[in-house]
Protein chains: 6
Amino acid sequence: MAQHGYQTGRLNLPFVGHCTFAKQPICVDLEKIDADVAVLGVPFDMGTQYRAGARFGPRGIREASTLFCFGHAGAYDHEDDVVYMPTDKVRIVDAGDVDMVHTDTTACHRNTEAAVRQILEAGAMPLCLGGDHAIHAPVIAAFSEQKPVHIVHFDAHLDFVDERHGVRYGHGNPLRRASEMAHVEGMTQLGIRNVSSSNREDYEAARRAGSAILSVRDVRRLGTAGTLAKIPAGQRYYVTIDIDGFDPSIAPGTGTPSHGGFLYYEVLEILQGLARQGDVVGIDLVEVAPHYDPTGITCFLAAQILMNFLGFIFQARYERKVPA
Amino acid sequence: MAQHGYQTGRLNLPFVGHCTFAKQPICVDLEKIDADVAVLGVPFDMGTQYRAGARFGPRGIREASTLFCFGHAGAYDHEDDVVYMPTDKVRIVDAGDVDMVHTDTTACHRNTEAAVRQILEAGAMPLCLGGDHAIHAPVIAAFSEQKPVHIVHFDAHLDFVDERHGVRYGHGNPLRRASEMAHVEGMTQLGIRNVSSSNREDYEAARRAGSAILSVRDVRRLGTAGTLAKIPAGQRYYVTIDIDGFDPSIAPGTGTPSHGGFLYYEVLEILQGLARQGDVVGIDLVEVAPHYDPTGITCFLAAQILMNFLGFIFQARYERKVPA
Amino acid sequence: MAQHGYQTGRLNLPFVGHCTFAKQPICVDLEKIDADVAVLGVPFDMGTQYRAGARFGPRGIREASTLFCFGHAGAYDHEDDVVYMPTDKVRIVDAGDVDMVHTDTTACHRNTEAAVRQILEAGAMPLCLGGDHAIHAPVIAAFSEQKPVHIVHFDAHLDFVDERHGVRYGHGNPLRRASEMAHVEGMTQLGIRNVSSSNREDYEAARRAGSAILSVRDVRRLGTAGTLAKIPAGQRYYVTIDIDGFDPSIAPGTGTPSHGGFLYYEVLEILQGLARQGDVVGIDLVEVAPHYDPTGITCFLAAQILMNFLGFIFQARYERKVPA
Amino acid sequence: MAQHGYQTGRLNLPFVGHCTFAKQPICVDLEKIDADVAVLGVPFDMGTQYRAGARFGPRGIREASTLFCFGHAGAYDHEDDVVYMPTDKVRIVDAGDVDMVHTDTTACHRNTEAAVRQILEAGAMPLCLGGDHAIHAPVIAAFSEQKPVHIVHFDAHLDFVDERHGVRYGHGNPLRRASEMAHVEGMTQLGIRNVSSSNREDYEAARRAGSAILSVRDVRRLGTAGTLAKIPAGQRYYVTIDIDGFDPSIAPGTGTPSHGGFLYYEVLEILQGLARQGDVVGIDLVEVAPHYDPTGITCFLAAQILMNFLGFIFQARYERKVPA
Amino acid sequence: MAQHGYQTGRLNLPFVGHCTFAKQPICVDLEKIDADVAVLGVPFDMGTQYRAGARFGPRGIREASTLFCFGHAGAYDHEDDVVYMPTDKVRIVDAGDVDMVHTDTTACHRNTEAAVRQILEAGAMPLCLGGDHAIHAPVIAAFSEQKPVHIVHFDAHLDFVDERHGVRYGHGNPLRRASEMAHVEGMTQLGIRNVSSSNREDYEAARRAGSAILSVRDVRRLGTAGTLAKIPAGQRYYVTIDIDGFDPSIAPGTGTPSHGGFLYYEVLEILQGLARQGDVVGIDLVEVAPHYDPTGITCFLAAQILMNFLGFIFQARYERKVPA
Amino acid sequence: MAQHGYQTGRLNLPFVGHCTFAKQPICVDLEKIDADVAVLGVPFDMGTQYRAGARFGPRGIREASTLFCFGHAGAYDHEDDVVYMPTDKVRIVDAGDVDMVHTDTTACHRNTEAAVRQILEAGAMPLCLGGDHAIHAPVIAAFSEQKPVHIVHFDAHLDFVDERHGVRYGHGNPLRRASEMAHVEGMTQLGIRNVSSSNREDYEAARRAGSAILSVRDVRRLGTAGTLAKIPAGQRYYVTIDIDGFDPSIAPGTGTPSHGGFLYYEVLEILQGLARQGDVVGIDLVEVAPHYDPTGITCFLAAQILMNFLGFIFQARYERKVPA
């Protein structure tokens, strides 16, 4: 039996084994994280105003991510002729999920903020998997001890509601909350579109707060370079991606889809440019609801865009250190 | 055009027209209800500990109910040779849904309790469509000004948790909360089964509080009559039906299914007997999650059991008034 | 309890309450309509030649429409900087569904025509939700007492079959039937494409009847302005939208999908232009089959395009009255 | 290459090859049928009053039947120790589908009747796959030149409506129509249950017409033998099976499910007994709607019950010829 | 922030965190297993003859198992008044999945056998999650160095094919392969039923090999005690459960469903009795195909039956050590 | 009854009748094929590394193809003003499926190669419906006695792996295998994109072997004409289309989707140009997995692209013979 797989290495096909993000090692003791990136699930969906189910987003994205990460020492992209995320250079851990307390939004957000603080203290970049967009408020709050950030926000909706019926921490409020924090220096909001994306008052409040707001059609008119030019260069970027910023054709599995959204390369190329023109220090990707995603393409989109984005970030960091 | 349908009456097939419960008239101004039964949706699912989606329960049950109520002046049952719910004798209104405030369990429960109080003040029997089982606590609380009730509870789970991590009003707690209320005189819990239905402490607490607890196999051993004999006769009954009390074969569309549950006639016949041995004064049916119900059979089950139960209740009331 | 929602207004989230189009008031007594727009469901699908299910189109679109219409006095679009459909200026009612008679196409069409006539007599613009495209024939027939119209038709298929095996009123015939009516002055057919869209004889018959026929690629080559220039300006437009005119990527939930269809902004911008260059006097949107739409995006598309189109129409009417 | 499959026979797994019923040969020229059984699809669903889709019933049942028929010369049942349907003794052909004319119920029924007449003239037993139950009327009409039959009917619903709004040939009417035919001598209706199964007038009309009507609970009380005793022995039986006679737990994929239906062995054993106590001369199985059957179990049920029933019929015929 | 969840323990709801079986610790280094039970996924489905997808069985069952195992120190069953699997007495590890080599059945089986041997050498009981039933052959082969076992087999199909077209290790062959092994002393096959369960030759071969074969109806006639009496007492039992031994109503999510199968308590009670009358030394549960299980009930069934069975096994072992 | 459909021709709607490709005649005896095109299913999916189910690809594509082929003598395309595939000029037969042997990749591939050889010997062009992409290796091997071909390959993945863990004939290897064959003169690979499409070594091996490799963005930059210019003109082309070359928005129903793929017209126009610039002598379309395609659009895409491609091929052949 000398030749069997257990002694000579494993093929480790995508459908084999436990689901961690990109099949990376687990480290649920946040105090012991020793990595470049810590992937943290935040399975909270009490903030949604329509279809729930984003609580299964972390599981859905983890499973989808297995498709993109087997067998190789890094991910080769022939278009860029780069091997992204060489396993000896970029260390990722899957930090499990924040503990959730049903019925209690405050407790969930408190746990979320505490977990992200621990990751930051451990020196890793947090990559948070929602959950609905309400999680962005406690996640960004956890950056209060860090240097200021500029938020780059992809979404169909402005998410800039102040308060309605006492609600301040639902999925319509997080960018408003972020805008109130001292360590948030600026904000670029991309993809905002159509009826129900915002009311006029909130839109004007966002503009007054200094936010740059571009619709999908604005971004198309500007092109990738023109869009990137609207985002101040040389900043520390925090990127929050609501999957409904993408078009329902490729991201149907979400609570509040809105037609006319971004296609894949549009976001990919902005993220690639962003990684080059500043330092990405945190990411959340939210609103993936696997039970509205029978074909899996929304989960694959989330996983694929994150895998690429991590590659871009660390390649850019590497290139800044080692000029060509 | 003298012969067209609008002048000579409508066929009104189930798939035609707005979805109200059993195609009954809408009355969303609760103060103006003048009916025997008021159907109230409570689309709350922040109390669930696993799969969400019961917020769409009211819509799912309303749509399913259209199948069972067209074209006739009441519902004939050839097995009983009775026309149930003659439209000239039983008046039902659909009172719409309780207003929900996302992220805020307390506000949702407060609105729920207030709405049920209004229905009771209007003299109608509330029939509440969940939502998850957490809604039972505010619904039963609204009976505080009424004469005492005995609760008859169908469920896979005991729902008798006192508090965990501060949670007292989730979907695992409502019968515990009810047991603490002065106007709840007793409790019979049917269908409780298997691992995860309760821990030993909560089970013992329920027994100490006077609850009679029967598993599905207990009920089968006792038979319908034997089971009914365990429920004190001549009481005012409040009936709370968690759809997961039924077997997953007929009720897959719910958040926390548990195998080995009740089949259709088992519950139907207990409800029929119950309507005869006392007065049913309120009902809730909870935990229907339509997005886990691709064939619709869970919604049909909820609608079918409720339609029959209403028939039994009013037929029994009628028979008590008009002895054969 | 002074502070509860029932006394201080409702948040009225999309998943709460009965499903009417855009959560607008119900008025099923067509003789009593007093509104600018009357939304009428026509749940007929006996005209389809492949997958049935469009009978649930009205319910699916109504539910989807709840996503786009909560909480605000009108719908703000930051791209146009306009609040569309201010609730004090545009009055919409949901007129319920036409009565259907199973097995009997003639009776269904007769009921449909009669209902639309009543709406027109009440002075409201009919917005008809199919149902399959066969409903267009009786709907447009109901305009016989109105001033002539030009039909603008979005579809993958020409729908210009005269008669096969005696069938004259199926979903392949309605534009042929319309072309035979005196009050139909012209026709522009957009999106017609690929094998199975028409045979040569019907295509030539449509051209002879004066129809302008553009494929999706034709429209892309012409651009929005170029396409609009092909439609005679200053007319009274009746717009019939077969959801399969859109691409299957965003409209999979339909009976006979055809790849290579329109994307969202392509149709949106044509509709916006159309509303400005003439007067839209009637609309139908057909062939939405919710049971082939597990993610809901087809229903959302129908609702979103209709909500925007209504906004454009009444904004254009307003602007014509009140020049800037 | 001498050893490849094409020269040494095929394994012919269920998922391989075209879908015919039980992988039997095709004979769509009805005049050329030379077989014991001719399987005929009747993909008509304009008779349904709720969810359409039974038009895909024939395709769904054909595909499911491939599971039960590969590789063996007949089907061995170890419980009976019989090889049913030895391929050298029972000849089945798949006769394709009746031609359908959308929008035109009369034409569809006329084609159906004509096709069944041709099969009968060819000396084969027709096995008709619906389609909705409306197809039973033309199918049974086609037996007018045959010796009289007794109809055995499995269904949740009585299907004995005379006429409503002019409808006489929908899926609620077929047994009424059958009862009016001279060649229908009697009728046993099994499984009829619960609200919406019939109104009182139709129930009484059926009884007056001589029908024996048993609910599911009646059948359970009587047992198989007791039930069979209610059906006159020694008759020529025509069996019409509405799949909704079965319980929704095993037959969810149908237009109008009703809880409390038959389980598998209940129907199987009645059919086995029936085959022994008389001669089965025709069968239809209707109301399978594959698009409401995501797991396929409804289609498997239809195929499995039909495969067994055919086995019982021909085994009984064989045993009558060759007494043990 | 002293009070947050990370410092005071976690609620750890079912939807939170990585999916391991019953949320037990991971140990993928099989040489380091120190536990009573090692759960091993075998995601192989190249042995199936109809619908594939059992490769996702291990993931589906792991996720479903999270529902049944949160928050308590063991699982209380009020019917038995026992706390099963007290966490301080029964140690379970999740050993991950066997490495699979696509296209190569032999390599997959070799890896499977090697992994089970390692678990046995580590002194743990293997609990294998299929994958299709083909995995049983290498799993049982791995017991060759152990004391002999009696196999208890739940299935719709006999799985006793010797060879067809050269296939000896597909999902129709494993019990035949097992019967050829010296360490397999006997076999009881339960649930075998209906056409396609076996051909006559294989049935007779199984009988000749000493197998006791009972259909579902046989088991019902015998009752639990009578069935258990057919299984030799005091043996070392290896239990192989094909999920299609259960009825399609509760186990639709499998490749080759067969109606008329076991219900939940039927199998549960046999397993409970079996654990008492001998020593269970190994388990596999196979043929769960999550993509045919849209409601999740098949995965829940697998998890629920396994959780209970483990409880019974270790409770019985405990009771044998500590007589009451 | 003189007027019924059977005597006057059939309407033959798409949902009526057995499913053969484009409703063309069946000829499963490959030696008797007398046709221009033979459609052959190859339901093999043991080569996939992630989601299985492509074994149902042939059935899914056949059913979808019925939508595009009824009632007319050829398929009219108004954009080209051509009637494609006039039934009197292009003869297609459906040759059924290759026999599959579960567990045995070698046997399946051997059967596949033998079947394609028979089709070629019969003088027909093989159109193979996968199954996963592993089938391409035996299919292309069968061309060894034909004149050399240039392979045009649409795919997200390079499929150029040599060997891993002994696997040489899985779905990641076929183009490597093809490149080793003497009768394959060249290769153009279109759509290859993103992480997981290839590793660097395989990419470089493909380039060394003379393959031209273009990403989706490369093709967009080049345009249709520019892309066609990269493919040597005047060759005999074999076209292999992995459905995942298309974007997940229109082809979700496949095992390993990758975002950023081709849209419909992009591939259509390349295929149209290819048919004109050389002779297409064989086609396979692979990786359609209907169970991940709940709306059917992936199957429709496969059928629609193939129907058009066949039209282009035979129209080009016709035009070469009969210059305009």
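**Group meeting: how the chains pair up**

Okay, let's start with one contact: A:Glu63 makes a salt bridge with E:Arg59, and their closest N and O atoms are 3.1 Å apart. By salt bridge I mean a side-chain nitrogen of Lys or Arg within 4 Å of a carboxyl oxygen of Asp or Glu.

Quick housekeeping. This is a predicted model, where local features need pLDDT of at least 70 and side-chain atom pairs count only at pLDDT 80 or more, while totals for chains, interfaces and linings use all residues. Residues are numbered from 1 along each chain as its sequence is written, chains are lettered from A and ligands numbered from 1 in the order in which they are written, and side-chain values use heavy atoms, with hydrogens and water left out.

Back to E and A. Between chain E and chain A the count is four salt bridges. Chain E puts 40 residues into the contact and chain A 40 residues, with contact meaning heavy atoms within 4.5 Å. Together, chain E and chain A bury about 3400 Å², 59% of it on carbon and sulfur atoms; buried area is the accessible area (1.4 Å probe) that two parts lose on being put together, summed over both.

Now the symmetry. Chain E lands on chain A after a rotation of 180° with 0.0 Å of shift along the axis, at an RMSD of 0.0 Å. The two copies are thus related as by a two-fold rotation axis. Which C-alpha of chain E is nearest the axis? That of E:Cys19, 3.6 Å from it. The superposition is least squares on C-alpha atoms of residues with pLDDT of at least 70 in both copies. And 100% of the interface residues of chain E are also interface residues in chain A, so the copies meet through the same surface.

One residue to click on is E:Ile26, in the loop between α1 (5–8) and β1 (37–42) of chain E. Helices (H or I, at least four residues) and strands (E, at least two) are DSSP runs, numbered from the N terminus. E:Ile26 has 35% relative accessibility, so it counts as partly exposed, the class between buried (under 20%) and exposed (over 50%), with a 1.4 Å probe and protein chains only.

Next pair: chain F and chain C. They bury about 3100 Å² between them, 60% of it on carbon and sulfur atoms. F:Tyr76, F:His78 and F:Tyr265 supply 23% of what chain F buries against chain C, more than any other three residues. Three salt bridges cross this interface, and F:Asp81 forms one with C:Arg200, closest N and O atoms 3.2 Å apart.

Last, chains C and E do not touch; their nearest C-alpha atoms are 12 Å apart.
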